[in-house]
Amino acid sequence: MCRMVAAPFGIRGDRIIEPFVRMARGENALHEHNTALGEFQHPDGWGTVYKEGESYEAHRSARPCWKDNDLERFKDRKIIILHARRASRGEVNLANVHPFHIEHNGRSWYFCHNGTIDDPAIASYRGETDSERYFRFLLDHLHINDPLASIGAALNRLHNYTSLNAFLTDGDHFYVINRFSSSPRYYTLHLHQGSDGPIVSSEELQDVAKTWEPLKNGQIIVFQNRNMRSAVLS
């Protein structure tokens, strides 16, 4: 169970980091698990994907984001993904902090997930957590030339989960998955389309933008070259 935010084309850290921290602490919005502000927190590590020159880099920490001074140094970076973990599977350690990173078919992939998956379709994949196994499962089924159909077919093989919500990127393509089976207020992702590019967040971040659109359950989005394509699974 996690909170996550992404800017597929990048956003300055000083715009997004403090709202992200409030969201991780449960101070941003109420939902099924956070019935009073600050009641339901995500303290089990945090991570980011950011742009370093023309390449993407990742940083991960097993500390709560609000107790880690390292977060401050990303305020002048261009942030692609931020993720705060609340462990539901696997130990609380650095190896299980998102985003995960894998070299696959000559590309460098980054991934984060919000939810719990107990489905036999991912059981044979390597990883201590369901999230890492889900990452490897998606890469095994993804066809870049037809991402919406291939991701949709992969997701339709999974049946035992709370949420399959995920961000997946190789730097050229950015995929957003919004699919869940419970707690719609907690799991629904929200999209802001602004002049400086899209932002997708686990919660509406009113300090970042005032207009947000909830994604549909089963919606998959592909961002590439400043363009957006979307499909909704049946």
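How many of the nine residues of helix H3 are buried? Seven are, so this helix is mostly covered, given that buried here means under 20% relative accessible area. Bear in mind as you look that this is a predicted model. The buried residues of H3 are Pro 147, Leu 148, Ser 150, Ile 151, Gly 152, Ala 154 and Leu 155. The cover over them includes helix H2, strands E8 and E12, and strand E13, which spans 227-232.

Leu 155 is a good place to stop for a moment. Setting aside residues up to four places away in sequence, Leu 155 touches Tyr 134, Leu 138, Leu 164, Ile 177, Arg 179, Ile 220 and Leu 233.

Step back, and you can see what Leu 155 belongs to. The largest nonpolar core has 28 residues, and Tyr 134, Phe 137 and Leu 155 are the ones touching the most other members. At least two residues of this core come from each of the following: E5 (100-104), E6 (107-114), H2 (130-141), H3 (147-155), E7 (165-169), E8 (174-178) and E12 (219-224). H2 is the biggest giver to this core, with five residues. Apart from this core lies another one, made of 22 residues, with Ile 17, Met 23, Leu 71 and Val 208 among them. As a general point, nonpolar side chains in soluble globular proteins tend to be buried together.

Now follow the chain to E5, where Phe 100 is found. Is Phe 100 buried or exposed? Its relative accessible area is 4%, so Phe 100 counts as buried. Leaving out residues up to four places away in sequence, Phe 100 touches Arg 60, Ala 95, Trp 109, Tyr 110, Phe 111, Thr 129, Ser 131, Glu 132 and Phe 135. One of these, Phe 111, is also the bridge partner of Phe 100 in E6. E5 and E6 pair antiparallel over five bridges, and they make a hairpin with two residues between the strands. In that turn, Asn 105 has a positive phi of about 50 degrees. For a longer-range link, try Leu 168: it is 68 residues from Phe 100 along the chain, with 9.6 Å between the two C-alpha atoms.

Next up is the sheet. Seven strands form an open sheet in the order E3-E2-E4-E1-E10-E9-E11, with antiparallel pairing. E3 (55-61) and E11 (213-214) stand at the edges with a single partner strand each, so one side of each has no neighbour in the sheet. In general, strands of a sheet pair through backbone hydrogen bonds, either parallel or antiparallel.

Strand E2 (residues 46-52) lets you trace both of its pairings. With E4, it runs antiparallel and is joined by six bridges; there, Thr 48 stands opposite Leu 82. With E3, the pairing is again antiparallel, over seven bridges, and Trp 46 stands opposite Ser 61. E2 and E3 also form a hairpin with two residues between them, and Gly 53 in the turn has a positive phi of about 65 degrees. How does Gly 53 fare for solvent, and which label does it get, buried or exposed? At 56% relative accessibility, Gly 53 counts as exposed. Glu 103 is 50 residues from Gly 53 along the chain, and their C-alpha atoms are separated by 20 Å.

That leaves the empty space. Rolling a probe the size of a water molecule over the atoms shows where such space is left. The largest pocket holds about 290 Å³. Of its 20 lining residues, Pro 8, Phe 9, Tyr 56, Gly 171 and Asp 172 are the closest to the centre. E1 (2-12), E4 (78-85), E6 and E12 each supply at least two residues of the lining, and E1 gives the most, with three. By character, the lining of this pocket divides into seven nonpolar, seven polar and six charged residues.

There are closed spaces too: three cavities of 30 Å³ or more. The largest cavity has about 80 Å³ of space. Its lining has 14 residues, and Arg 85, Ser 88, His 98, Asp 130 and Ser 131 lie nearest its centre. The lining of this cavity divides into three nonpolar, seven polar and four charged residues. Ser 131 may ring a bell, as Phe 100 touches it.

Notes: Residues numbered from 1 in each chain as written. Predicted model: local features only at pLDDT ≥ 70, side-chain atom pairs only at ≥ 80, totals over all residues. Heavy atoms only, no water. Core = buried A, V, L, I, M, F, W, Y, C linked by side-chain atoms within 4.5 Å. Buried < 20%, exposed > 50% of the residue type's maximum accessible area, 1.4 Å probe, protein only. Helix = DSSP H or I, 4+ residues; strand = E, 2+ residues; numbered from the N terminus. Contact = heavy atoms within 4.5 Å. 1 Å grid on protein atoms, 1.4 Å probe; cavity = no way out; pocket = protein on both sides within 12 Å on 5 of 7 lines; lining within 4 Å. Points joined across faces, edges and corners; volume = space filled by probe spheres on them. Nonpolar A, V, L, I, M, F, W, Y, C, P; charged D, E, K, R; others polar. Pairing = 2+ DSSP bridges.
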